[in-house]
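Thanks for sending this one over. Here are my notes, in numbered points, for you to read with the model open beside you.

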Amino acid sequence: MSDKVHRLVVGPLETNCWVYPIDQDGAVIIDPGDEADSIISALKKHSLTPKFILLSHGHFDHIGAVPRLKETFGAQLRIAIHKQDSMYLGEDAYKVHSVSIKSAMGSTAFIDAFWKNMPPPDILLEDESEIASFTILHLPGHTQGGVAFWDRNTAMIFTGDTLFKNGYGRTDLTGGNTQQLFESLRRLQTLDPNTVVYPGHGETTTIGMEKF
C-alpha cells in the first residue's frame, strides 16, 4: 500500500475509509462509514484539509460518518456520489436505508442506534467524469450507483464493494444485480494488471491478482 494513502478501518462491519492527499495540504475522504472523530483526528495528524467526500456507493456502512464530517467542515467539504445512489443521501434517506438494512439484517436496529439525518449530495457523479485526481468508473452490481475512483497517473483504484481481495460484492441486497456485477468486474480486468486495488473491506490487492 502506498504511504500516501491513509487507511482507517471503521464501524462494526470493518469498512475501509481511505484518506487520500490530492495536493500539498488537501485530501479526499473515501467511504467514511463510521467513527467520524477518528477520521478527523487522522486528518489533523497529517495536516490535511478535506475537500471532498467520495462515496463508492450509498450503503450505510460506507456513509455513516458523513453528517458529522459535513457538520465539522461545512461548505468547503463537498459530497460526491453517483446519481443512481443519490437517494441514500438527503432528507428521504432514512426510508431508503431502512429497506436495505431490513433486507440485510431483518430490522432497522443497526442504523436506529446512531442515525443522523444525511446531508444532500453536492456533486452527482457519472461514468468517466473526473473529480480531484480520479476518473469515475460506474460499476453497477452491488448497487446501481456503485463506482470506483481510478487514479490513472498513480495506477491506484478504490473499488468500494465491487472488488475485494479474493472476492467481490454481494448482489442480494436492494439494487443488486449479479449479471451487472460480473460485467463490472470484467471492466476492471481491462485495467493495467499492476493497478493497486484499495477495496471497501479487507486488504489491498492488484487487478492482476484477481481472476474471475
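**Notes on cavities, strands and cores**

1. The residues around the second largest cavity fall into two nonpolar, eight polar and one charged. Please keep in mind throughout that this is a predicted model. The space inside this second largest cavity is about 30 Å³. Its lining is made up of Ser56, His57, Leu139, His142, Thr143, Gly146, Val147, Thr159, Gly160, Asp161 and Thr162.

2. The cavity count, taken at 30 Å³ or more, is two. The largest cavity holds about 50 Å³. Around it you will find Val10, Gly11, Pro12, Leu13 and Thr15, and further along the chain Gly33, Asp34, Phe60, Asp61, Phe110 and Phe114. Sorted by class, that lining has six nonpolar, three polar and two charged residues. As general background, a probe the size of a water molecule, rolled over the atoms, reveals where empty space remains.

3. Now for the open space. The largest pocket has a volume of about 300 Å³. Which elements give two or more residues to its lining? They are helix 2 (60-63) and helix 4 (93-105), and helix 4 supplies the largest share, five residues. In total 18 residues line the pocket, and Leu13, His59, Asp61, Arg170 and Leu173 are the ones nearest its centre. By class, the pocket lining counts nine nonpolar, six polar and three charged residues. If you compare the lists, Leu13 and Asp61 appear both among the residues nearest the pocket centre and in the lining of the largest cavity.

4. Strand 1 (residues 6-10) is a good place to look at the two faces of a strand. His6, Leu8 and Val10 make up its covered face, while Arg7 and Val9 are on the uncovered one. Strand 1 runs antiparallel to strand 2 (residues 15-21), with five bridges between them. Within this pairing, His6 is opposite Val19 and Val10 is opposite Thr15. The two strands form a hairpin with four residues between them, and Gly11 in the turn has a positive phi of about 80 degrees. Val10, Gly11 and Thr15 also belong to the lining of the largest cavity.

5. Strand 2 is covered on both faces: Thr15, Cys17, Val19 and Pro21 are buried on one side, and Asn16, Trp18 and Tyr20 on the other. Because seven of its seven residues are buried, strand 2 is largely enclosed by the rest of the structure. Four bridges pair strand 2 with strand 3 (residues 26-30), again in the antiparallel sense, and a hairpin of four residues connects the two. Val19, the partner of His6 in strand 1, stands opposite Ile29 in strand 3.

6. Elsewhere, six strands form an open sheet of mixed pairing, ordered 7-8-9-10-13-14. Strand 7 (130-131) and strand 14 (205-206) are at the edges with a single partner strand each, so one side of each has no neighbour in the sheet. Strand 7 runs antiparallel to strand 8 (residues 134-138), to which two bridges join it. Glu130 has Thr135 of strand 8 as its bridge partner.

7. Where do the nonpolar side chains gather? The largest nonpolar core has 31 residues, and Ile39, Ile53, Leu55, Ile63, Leu69 and Met118 have the most contacts inside it. Helix 1 (residues 36-45) gives the largest share of this core, five residues. A second, separate core has 18 residues, including Phe52, Leu54, Phe134 and Phe158. In soluble globular proteins, nonpolar side chains tend to be buried together.

8. Two residues are worth a closer look. Beyond its neighbours within four places in sequence, Ile63 touches Pro32, Gly33, Leu55, His57, Gly58, Tyr88, Leu89, His97 and Met118. Ala80 sits in strand 5 (residues 78-82). Is Ala80 buried or exposed? Ala80 is buried, with a relative accessible area of 0%. Its contacts, with the same neighbours in sequence set aside, are Ile53, Leu54, Leu55, Ile123, Leu125 and Ile131. Ala80 and Leu54 are 26 residues apart along the chain, with 5.1 Å between their C-alpha atoms.

Notes: Residues numbered from 1 in each chain as written. Predicted model: local features only at pLDDT ≥ 70, side-chain atom pairs only at ≥ 80, totals over all residues. Heavy atoms only, no water. 1 Å grid on protein atoms, 1.4 Å probe; cavity = no way out; pocket = protein on both sides within 12 Å on 5 of 7 lines; lining within 4 Å. Points joined across faces, edges and corners; volume = space filled by probe spheres on them. Nonpolar A, V, L, I, M, F, W, Y, C, P; charged D, E, K, R; others polar. Pairing = 2+ DSSP bridges. Buried < 20%, exposed > 50% of the residue type's maximum accessible area, 1.4 Å probe, protein only. Core = buried A, V, L, I, M, F, W, Y, C linked by side-chain atoms within 4.5 Å. Contact = heavy atoms within 4.5 Å.
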